[in-house]
Amino acid sequence: MISVIVPFYNAENYLTDILDDLLRQTYSDLEIILIDDGSSDQSGRIAQRYHGLDDRIRYIRIDHQGVSAARNIGIKRASGAYIRFLDADDRIGHDSMEKMIRSMECDKEIDLVCGRFDTDCANIVYFGPSDLAGKISVREFIDDFSFAPMTFYYGVVWNKLYKRDVIIQNDIWFDETLDWCEDYLFNIMYYEFSRVIFYLQDVIYRYCVRENSLNYNLSERIGNEKVHDINQYRYQKTIDLIEKTGCDSKTFRDTWAYLDLLEDLVRATSVFSDRSVRFRKCTDIRLRFSAFKELLSLQDNRDLLQRRFCDDSDIMVRIIYKKMNRKQYLLLFSLMMIKDYMSVHCMSLKRLWRRRKRRGGNL
């Protein structure tokens, strides 16, 4: 049996959809645990109504404590051999559970199944950061993970199927003191005790992008200093995991430094989006450009970009590297500002299109 843990807080606009998805599953041996994290809207009534419709659904209400506490309560109440976590505002296909349990049960040594997902943002299927498929050892998994440690594929919990025994026996819980990256750190602990991991090539989840999601305006929500502290903490925890499994941490260290550099470059050029909290007081474009140029002038950053240029086919990396080598800093700065402008306004048009389409209207 799969225990499906669905924490929610004020999710009245989305909860019905995910519950309908669960009741339509082709794999029916489910225990659906709904954790109401102190909602003040109609979410609780919706959950109670579904509880009355299907005896597989359990409804638990707690005082508002956050998603980590809600998930931990779900783990404690779960009785299934397997555990799956879902977010209340996302969607799953009718055969999502069946595909995951079939993969898990093909070999008793498999302790974790990771599946692909798509998003409602651009109808893009996320295939994961590698071409690996099927059963792989934990060492292969860690080597693969080291090339893309910050991706949703490895960090989130909703595209994975876990064994309850692994969680309970190794005392793996969500950190209730954190309100960001608690899922990443949960996974890091779980990876350490996994023997074999299965890469499922099927799409088993749809991630729905919401403006009120926890990752939206992250720095503004919890502060730049806390984001930095949590990033440093998860960086060290990942290094510890890699060293415990006997893998080389150099790839991970390089990847992390490279992603940090890209994030700094994006922040410096995010004039039109809300990601530029660090530079929000820096209204003078010349100061932004000066910070941008300084980042690309540091020899360590130049060496890092050169290494990534040799290994990475990402068009953005190639553009940055070529313009940096030619010292075309102003042109590159302008291109990245245009990209930021387009990302903001294209997303606005997409949201308007979706609203019109739902109402049956025209743009």
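**Exercise 1. How close do the axes of H11 and helix H12 (residues 285–297) come, and at roughly what angle do they cross?**

Before we start, a word on the model: it is predicted, with local features needing pLDDT of at least 70 and side-chain atom pairs counting only at pLDDT 80 or more, while totals for chains, interfaces and linings use all residues. Residues are numbered from 1 along each chain as its sequence is written, and side-chain values use heavy atoms, leaving out hydrogens and water.

Step 1. Know your labels: helices (H or I, at least four residues) and strands (E, at least two) are DSSP runs, numbered from the N terminus. Axes are lines fitted to C-alpha atoms, for helices over the stretch in contact, and angles run from 0 to 180 degrees between N-to-C directions.

Step 2. Read off the geometry: the axes of H11 and H12 come within 9 Å and cross at roughly 160 degrees.

Step 3. Give the angle a name. Under 35 degrees is roughly parallel, over 145 roughly antiparallel, 65 to 115 roughly perpendicular, and the rest oblique. So H11 is roughly antiparallel to H12.

Step 4. Add the handedness: H11 and H12 make a left-handed crossing. (Left-handed means the near helix is turned anticlockwise from the far one by less than a right angle; right-handed means clockwise.)

Step 5. Find who touches whom, where contact means heavy atoms within 4.5 Å. From H11 come Leu261, Asp264, Leu265, Arg267, Ala268 and Thr269, and they meet Arg288, Phe292, Leu295 and Leu296 of H12. Sort them and you get 6 nonpolar, 1 polar and 3 charged residues. (Ala, Val, Leu, Ile, Met, Phe, Trp, Tyr, Cys and Pro count as nonpolar, Asp, Glu, Lys and Arg as charged, and the others, Gly among them, as polar.)

**Exercise 2. Which residues make the contact of H10 with H11?**

Step 1. Set the scene: H10 (residues 224–244) and H11 (residues 250–269) pack at about 160 degrees, their axes 10 Å apart. That makes H10 roughly antiparallel to H11.

Step 2. Look at the crossing, which is right-handed where H10 passes H11.

Step 3. List the partners: H10 offers Asn231, Arg234, Tyr235, Thr238, Ile239, Ile242 and Glu243, and H11 answers with Phe252, Arg253 and Trp256. By type, the residues of this contact are 5 nonpolar, 2 polar and 3 charged.

Step 4. Check burial (buried is under 20% relative accessible area, exposed over 50%, partly exposed in between, with a 1.4 Å probe and protein chains only). The buried residues of H10 include Asn231, Arg234 and Tyr235, while those of H11 include Phe252 and Trp256.

**Exercise 3. What span should the 21 residues of H10 have at 1.5 Å a residue?**

Step 1. Use the rule: the expected span is 1.5 Å times one less than the number of residues.

Step 2. Apply it to H10: the rule gives 30 Å, and the end C-alpha atoms are 30 Å apart, which agrees.

Step 3. Try H11 too: its 20 residues reach 29 Å from first C-alpha to last, close to the expected 28 Å.

Step 4. Peek past the end of H10, where Gly246 takes a positive phi of about 80 degrees.

**Exercise 4. Is Asn10 buried, partly exposed or exposed?**

Step 1. Locate Asn10: it's in the loop between strand E1 (2–8) and helix H1 (15–23).

Step 2. Compare with the cut-offs: at 29% relative accessibility, Asn10 counts as partly exposed. Its phi is near 50 degrees, a positive value in a residue other than glycine.

Step 3. Do the same for Lys327, in the loop between helix H14 (315–325) and helix H15 (329–359). Lys327 has 61% relative accessibility, so it counts as exposed. Its phi, near 60 degrees, is also a positive value in a residue other than glycine.

**Exercise 5. What separates the C-alpha atoms of Asp54 and Leu23?**

Step 1. Place Asp54 in the loop between helix H2 (43–53) and strand E3 (57–62). With a relative accessible area of 15%, Asp54 is buried.

Step 2. Read the separation: 8.4 Å, for two residues 31 apart along the chain.

Step 3. Zoom out: among contacts between residues at least 6 apart in sequence, 77% join residues at least 24 apart.
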